[in-house]
Amino acid sequence: MILCIDQAVSPELLSRVRTILADTDFRDGRETAGWHARTVKQNEQADGRLPEIGELRQELTKTLQAHPLFQMAARPRRMKPLMFSRYQEGMTYGNHVDDAVMATPQGAMRTDLSFTLFLSEPESYDGGELLIDSTAGEQTYKLPAGGLILYPSSTLHRVEPVVRGERLAAVGWAQSQVRDPQQREILFDLDTTRRQEFEANGKTQTFDMLSKSLANLLRMWAEI
């Protein structure tokens, strides 16, 4: 399942992130790539050792974890600290698949889901689309600033070359409480349906039965 979330962060937080990134140091993005990804990665990343970057990471992570759609779709058990990437003219990130296991401050983490939070307005740069190779073929995404795309880490994907302007984004990864993507999609659909039932009719018997099924499936499938 590939999910796009509009306005995943508030305009106020988005503005603060961009202001801080405008004054921060960026490093060669190949420093954080695997040996094979280094051959196709050409971008820059904010220096994660800086205190202000660490604070931004924490604030954005808390914001995403509190977002209902992100929570429903990802059900994150663990998340890797976000990275802030910058693509200037001519920069790109060729076809790659994200590492299956990544290091975090809490230890090794399996990557089930990847996500990109777009920080630049789409009209401020040309190119720079995120391209994901799915069973439906190659699909491109270029969301408004503040929009987020969540997709399986198992997919081949790339960032097309930027030909004008500057592309800023925050990228991250999550290990889900539910490992199987089909099970995650079933839970997402069920949770969406019960919320629609509640909004339309309140706490009905149908809502209670949907909630019971959701809870019991999560109890069956969750890895805690």
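Helices here are DSSP runs of H or I spanning at least four residues, and strands are runs of E spanning at least two, with both numbered from the N terminus. By that rule, Ser15 has its place in helix α1. The model shown in every view is predicted.

**View 1. Ser15 in helix α1 and its separation from Leu119.**
Ser15 sits in helix α1. How far apart are the C-alpha atoms of Ser15 and Leu119? The separation is 8.9 Å. Along the chain, these two residues are 104 residues apart. Ser15 has a relative accessible area of 38%. Ser15 therefore counts as partly exposed, because buried means under 20% and exposed means over 50%.

**View 2. The largest pocket and the residues around its centre.**
The volume of the largest pocket is about 440 Å³. Its lining comprises 31 residues. Closest to the centre are Lys41, Met83, Tyr93, Asp98 and Trp173. Sorted by class, the lining holds 14 nonpolar, eleven polar and six charged residues.

**View 3. Strands that line the largest pocket.**
Several strands each supply at least two lining residues: β6 (83–87), β7 (92–96), β10 (113–118), β15 (156–159) and β17 (167–176). Which of these elements gives the most to the lining? The answer is β17, with four residues.

**View 4. The second largest pocket, with helix α2 in its lining.**
This pocket has a volume of about 230 Å³. Its lining consists of 14 residues. Nearest the centre lie Thr61, Met79, Lys80, Pro81 and Gln106. Helix α2 (51–65) and strand β5 (76–79) each contribute at least two lining residues. α2 gives the most, with five. The lining divides into five nonpolar, five polar and four charged residues.

**View 5. The cavity and its lining.**
Rolling a probe the size of a water molecule over the atoms reveals where empty space is left. How many cavities of 30 Å³ or more does a search of the whole structure find? The search finds one. The volume of the largest cavity is about 70 Å³. Its lining is made up of Met1, Ala73, Leu113, Leu150, Pro152, Pro181, Arg184 and Glu185. Two elements give two or more residues to this lining: β14 (148–152) and α4 (181–201). α4 gives the most, with three. By class, six lining residues are nonpolar, none is polar and two are charged.

**View 6. The largest nonpolar core, and a second core.**
The largest nonpolar core has 32 residues. Phe70, Phe84, Leu119 and Leu148 touch the most other members. Elements giving two or more residues to this core are β1 (3–5), α1 (11–22), α2, α3 (68–74), β10, β14 and β17. A second, separate core contains 15 residues, including Tyr93, Phe118, Tyr125 and Tyr141.

**View 7. The Phe70–Phe115 aromatic pair.**
Searching the whole structure yields two aromatic pairs. One of them joins Phe70 and Phe115, with ring centres 5.4 Å apart and 85° between the planes. The pair is edge-to-face, because an angle over 60 degrees puts a pair in that class. It links distant parts of the chain: Phe70 belongs to helix α3 and Phe115 to strand β10, 45 residues apart. Are the two residues buried or exposed? Phe70 is buried, at 1% relative accessible area. Phe115 is buried too, with a value of 1%.

**View 8. The Phe198–Phe207 aromatic pair.**
Phe198 and Phe207 form a tilted pair. Their centres lie 5.2 Å apart, and their planes meet at 50°. Why is the pair tilted? The angle falls neither under 30 degrees, as stacked requires, nor over 60, as edge-to-face requires, so the pair falls into the remaining class. Phe198 is partly exposed, at 42% relative accessible area. Phe207 counts as buried, at 13%. The cut-off for buried is under 20%.

**View 9. Charged side chains over aromatic rings.**
Arg86 lies over the face of Phe26. The distance to the ring centre is 4.0 Å. Which residue lies over the face of Tyr125? It is Lys142, at 4.2 Å from the ring centre. Tyr125 is also one of the residues in the second nonpolar core.

Technical notes: Residues numbered from 1 in each chain as written. Predicted model: local features only at pLDDT ≥ 70, side-chain atom pairs only at ≥ 80, totals over all residues. Heavy atoms only, no water. 1 Å grid on protein atoms, 1.4 Å probe; cavity = no way out; pocket = protein on both sides within 12 Å on 5 of 7 lines; lining within 4 Å. Points joined across faces, edges and corners; volume = space filled by probe spheres on them. Nonpolar A, V, L, I, M, F, W, Y, C, P; charged D, E, K, R; others polar. Core = buried A, V, L, I, M, F, W, Y, C linked by side-chain atoms within 4.5 Å. Buried < 20%, exposed > 50% of the residue type's maximum accessible area, 1.4 Å probe, protein only. Phe/Tyr/Trp six-rings, centres within 6.5 Å; stacked < 30°, edge-to-face > 60°. Lys NZ or Arg CZ within 6 Å of the ring centre and 35° of its normal.
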